Amino acid sequence: MPESCLFCRIVRGEIPASIVMQDEHCLAFRDINPQAPVHVLVIPREHVPTLNEASEPEILGRILLMAAAVAKEAGVAEAGYRTVINTNGAAGQTVFHVHAHVLGQRHLAWPPG
Ligand code: 5GP
Ligand code: ZN
């Protein structure tokens with residue numbers, strides 16, 4: 001529910017976040033429990049629970065474009081970084097407001113765990 005959703009609360013400014021980039025459609029902020037020296041979450045301002053419910057190509061495109069812009073600004077674009085969208089339980093999604101993780105500034109193993 002958007003009223004109680006953690007990331008909707010960050011969008012509304014009710015919970016503090018270390019915001020690194022924003023526009024009228026999306027917000028990017030540092031993960032509270034970083035898994036790499038660069039670990040930023042990119043979210044749409046609009047509440048969409050998971051990738052399964054996403055229906056607007058433009059919003060999905062904007063999330064990825066902001067992820068790339070964040071990587072460039074963080075200085076990891078050339079060396080390499082990973083953009084991840086976890087969907088539902090088996091993938092470990094814990095916050096049900098769709099988001100892309102941007103991870104970088106360390107070697108990232110493949111396949112992921
Ligand atoms: P998921 O597991 O759903 O793919 O990712 C959720 C992410 O949100 C986790 O990496 C977690 O550390 C991060 N997170 C959870 N609560 C907060 C919070 O209150 N603030 C910030 N900045 N990140 C959070
Ligand atoms: Zn939400």
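**Salt bridges, metal site and ligand contacts**

Glu14 has a relative accessibility of 41% and is therefore classed as partly exposed, a term that covers the range between buried (under 20% relative accessible area) and exposed (over 50%), computed with a 1.4 Å probe on protein chains only. The structure is a predicted model, in which local features need pLDDT of at least 70 and side-chain atom pairs count only at pLDDT 80 or more, whereas totals for chains, interfaces and linings use all residues. Residues are numbered from 1 along each chain as its sequence is written, chains are lettered from A and ligands numbered from 1 in the order in which they are written, and side-chain values use heavy atoms, with hydrogens and water left out.

Glu14 takes part in two of the contacts described here, one with Arg9, where the closest N and O atoms are 3.1 Å apart, and one with Arg12, at 2.7 Å from N to O. Both are salt bridges, that is, a side-chain nitrogen of Lys or Arg within 4 Å of a carboxyl oxygen of Asp or Glu. Such contacts reflect that side chains of opposite charge can pair when their charged atoms come close. The two arginines resemble Glu14 in class, Arg9 being partly exposed with a relative accessible area of 32% and Arg12 partly exposed at 42%. By the rule given above, the salt bridges come to three. Another of these joins Arg62 to Glu58, with the closest N and O atoms 2.9 Å apart; both residues belong to helix α2 (residues 57–74) and stand four residues apart, about one turn of the helix. Helices (H or I, at least four residues) and strands (E, at least two) are DSSP runs, numbered from the N terminus. Arg62 is itself partly exposed, with a relative accessible area of 30%. Through shared partners, salt bridges join Arg9, Arg12 and Glu14 into one network.

The zinc ion (ligand 2) is held by four donors, Cys5 (SG), Cys8 (SG), His47 (ND1) and His97 (ND1), at 2.0 to 2.3 Å, donors being N, O and S atoms within 2.8 Å of the metal (3.2 Å for Na, K and Ca), with water not among the atoms, so that sites may look incomplete. Along the chain, the spacing of these donors is C-x2-C-x38-H-x49-H. Cys5, in the segment before α1 (6–11), and His97, in the loop between β4 (81–84) and β5 (100–104), are 92 residues apart, and the pair thus links distant parts of the chain. Cys5 and His97 are both buried. The angles among the four donor atoms run from 104 to 117°, and the site is tetrahedral, a class that requires all angles of four donors to lie between 85 and 135 degrees. The ideal angle for four tetrahedral donors is 109.5 degrees.

Ligand 1 is surrounded by 15 residues, of which the closest are Arg30, Asp31, Asn86, Thr94 and His101; a residue is counted if one of its heavy atoms lies within 4 Å of the ligand. Polar contacts, which are pairs of N or O atoms within 3.5 Å, include two made through the backbone. A backbone N or O atom of Arg30 lies 2.9 Å from a nitrogen atom of ligand 1, and a backbone N or O atom of Thr94 lies 2.7 Å from one of the oxygen atoms of ligand 1. In His101, by contrast, a polar side-chain atom lies 2.8 Å from an oxygen atom of the ligand.

Strands β1 (residues 19–22) and β2 (residues 26–30) pair in the antiparallel sense over three bridges, where pairing requires that DSSP finds at least two bridges between the strands. Gln22 has Leu27 of β2 as its bridge partner, and a hairpin of three residues joins β1 to β2.

Several backbone features lie elsewhere in the chain. Asn88, in the loop between β4 and β5, has a phi near 65°, a positive value in a residue other than glycine, and is partly exposed at 32% relative accessibility. Gln105, located in the segment after β5, likewise has a positive phi, near 70°, and is a residue other than glycine. Pro111 is also placed in the segment after β5, and a cis peptide bond, with omega about 0°, joins this proline to Trp110. Gly75, found in the loop between α2 and β4, counts as exposed at 57% relative accessibility; Gly75 and His25 are 50 residues apart in sequence and 23 Å apart in space, C-alpha to C-alpha.

Conventions: Four donors count as tetrahedral if all angles lie between 85 and 135 degrees; four count as square planar and six as octahedral if opposite donors are over 155 degrees apart and all others between 65 and 115; anything else is irregular. A polar contact is a pair of N or O atoms within 3.5 Å; within protein, one must be able to donate a hydrogen and the other to accept it, and residues adjacent in sequence count only if both atoms are side-chain atoms.
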